Structures are given as structure tokens and as C-alpha cells.
Amino acid sequence: MHADKATPSADSPGRIGLLKAPFASSPAGLDIALCGVPFDLGSYYRIGARQTPAAFREYSWLARPANELRGESPFHRHRIADIGDAPINYVNFDQSMAQIEAFFRQVRQSGACPLSVGGDHTSTYPILRGYVDKTDSPLAMIHFDAHPDTYDEIGGSRVNVGTPFRRAIEDGLIDPRRHVMIGIRAVSSSDPLAFARDKGITVLTMEDFDAMGRAGTIQRIKEVVGNARAYISFDIDALDTCHAPGTAAPEPGGLSVRDSLMILRGLRGLNVVGGDLVEISPPFDAGNVTVINGLSILYEMLTVLVAARPPRG
Ligand SMILES: [Mn+2]
């Protein structure tokens, strides 16, 4: 129904929504609510992820909201809109956490599935606190990252970019036995891996990816997730630094953007109910390549969400 709005006749910059989605003032009635989380107060270096939602909207004039080669037009049957950004107080960490949580609780109550662009990886924790209802079973987690993000604390802080998955598992928001990490290659202390092992998280390192290939990786993700309600949290630093230089904690030797697109495409059929794309830092980007690659990843995540559900009608 939004096909006309989602495919402007002239490709030109202007005020357009994420992936050329139309804007909506609330998630009510939507199948999928695209949104931004301009939060980066949980980071300590190469900060700038708060600028990503605006950069994604600016560059969405380059994004293609359909793929004729594969017969895809996610905007045709599903109601998808950009509902804007979670409200952030840029000088108040705790208030921002509470506001992100409240924003995603509202998305949940509307019945829409959230697909957000962050923001640093801290934001996944308040997103899940808002989006996972008390009556829900814990979510399966498909987690692309160079780092496990399961530290207990960093510098005395228990909520930051290094800890969101530990906090979410402790709160019962994620089922660790249905949590799979892809792209892991940078861990300099034993604590986060010991936690992951203890809880039964499946950690696929880059060496595992090299051995398994794309098809084997997709198969392993499907085995871990099963038919559970699943969430995709995609940290752009899962990508090789050459494919995503604009990020807070770059780690050479990661996935190519092509690997990432093909793995995501292979996840269609899983019961994915939401997702976030985080850790893009536009001030450290090079020629906007991270934003442009990120938009392709966001589109692929959208098609996974669309494939998982019939339109609400
Ligand atoms: Mn991360």
C-alpha cells in the first residue's frame, strides 16, 4: 500500500524515511516499525553512533526499497513506516535508557515488529527490556559481532557497549541456549567467554566461519534458533574493517559485506520478530561506505522480518 511512497520517481535527497519508507507518527497498525536510536553514551572511543539514524535517512535516497531481480518488494504487502527516533537525553545516560525502553514498549504494545538503527550496542539492552513482554518466553538471539559483549562490567560500569547481552540474559530477556554469535574474533579477557560457555551460548568465531562457510553458518544458526521467536542484533564491527571503517571498535579480519548479506538472506523462514543494526559511527566513516553497506544490511534484515509473517491486513 505504501509502494508509491516507498519508490519516489526521482532519486534525490530530501526528507525521506529509512530505506525510503514513509513516515508515521506512531507504530499503530504497522507490521514493521523502522526507527532510530541515536544513543552512544555507553561507548568510550570513536564516539558518534548518535549520528547514524540521521546519516541513514540522508543516504536512504540511494537505498533500493525493492529488488526486482529476486522478485522482492517488502513495502508492497506489508505496512512498513519510519516512526522516527527514540527520544534521547544526550547528557543523561539513565534517563536515555528509560526513554529507549519506554519507546520500544510502545512498539510492542502496538503489535508492530521493531527494526532499529542505533546507536551503540548498549541500546540493545533497553530495547529488549521494552520489547520483551513479561508474559513472553525469552527470545532467541542471532548476534553478529566481533566481540561477545558479555562482560560483567567495564571500569565499574555494568551497562555499556561491552555488557548488553550479559544483562539481557540475567534479566531473562534472551534464552542463552538459543543465542548464537557470528564473527567473534576480538576477546582479550576470559570473563566474557567463560560466561558464554557457562550459559550455553553458541560462539562462532571467524575461524569457525572460515571452516563452515556461508551455508554451514546458516545451518548452524538455524539449529540453534529452531522455531523460537528470534531477534537479530547486528553490530557492524562483525564486518571487516575495510567494509565498515566507521565504527567505534574496528577489528580487522571480519566478514565481508557479501558474506553478511548472504547469511542474512539464508535466515528467511526463521521466526524473526525484531532487529537492530548498531555501532556505526559516521564521524569515523570513509566515503560513507559504512553507512551505504549498513543500509544494504538493514534492507536484508527487513526482508527477513517480512518473510517471517503475513501482512496484518
Ligand atoms: Mn557489539
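Me: Which residue caps the N-terminal end of H4?

Reply: The model is predicted: local features need pLDDT of at least 70, side-chain atom pairs count only at pLDDT 80 or more, and totals for chains, interfaces and linings use all residues. Numbering runs from 1 along each chain as its sequence is written, and side-chain values use heavy atoms, with hydrogens and water left out. At the N-terminal end of H4, the backbone nitrogen of Asp94 lies 3.3 Å from a side-chain oxygen of the capping residue, Asn92.

Me: How far does H4 reach from its first C-alpha to its last?

Reply: Helices (H or I, at least four residues) and strands (E, at least two) are DSSP runs numbered from the N terminus. H4 covers residues 93–110, which is 18 residues. The expected span is 1.5 Å times one less than the number of residues. For H4 the expected value is 26 Å, and the model comes close to it with a reach of 26 Å.

Me: Against which elements do the buried residues of H4 pack?

Reply: Buried means under 20% relative accessible area, exposed means over 50%, and partly exposed lies in between (1.4 Å probe, protein chains only). The buried residues of H4 include Met97, Ile100, Phe103, Phe104 and Val107. Their packing partners are strand E1 (32–37), strand E2 (80–85), E3 and H5.

Me: With which side chain does Asp82 share a polar contact?

Reply: Asp82 lies in strand E2 and counts as buried, at 0% relative accessibility. Contact means heavy atoms within 4.5 Å, and beyond four places in sequence Asp82 is in contact with residues including Gly17, Phe23, Cys35 and Arg57. A polar contact is a pair of N or O atoms within 3.5 Å; within protein, one must be able to donate a hydrogen and the other to accept it, and residues adjacent in sequence count only if both atoms are side-chain atoms. At 2.7 Å, such a contact joins the side chain of Asp82 to that of Arg57.

Me: How many disulfides does the model have?

Reply: A disulfide is a pair of cysteine sulfur atoms within 2.5 Å. Cys35 is buried, with a relative accessible area of 0%, and Cys113 is buried at 5%. The sulfur of Cys35 cannot form a bond because the closest cysteine sulfur, in Cys113, is 12 Å away, which is too far. The count of disulfides is therefore, by the 2.5 Å rule, zero.

Me: Which protein residues are donors of the manganese ion?

Reply: Donors are N, O and S atoms within 2.8 Å of the metal (3.2 Å for Na, K and Ca); water is not among the atoms, so sites may look incomplete. Along the chain, the donors follow the spacing H-x23-D-x3-D-x85-D. They lie 2.1 to 2.3 Å from the ion and are His121 (ND1), Asp145 (OD), Asp149 (OD) and Asp235 (OD).

Me: Which helix gives the most residues to the largest nonpolar core?

Reply: A nonpolar core is a set of buried Ala, Val, Leu, Ile, Met, Phe, Trp, Tyr and Cys residues joined through side-chain atoms within 4.5 Å. The largest has 88 residues, and Ile142, Phe144 and Ile297 touch the most other members. With 10 residues, the top contributor is helix H10 (residues 289–307).
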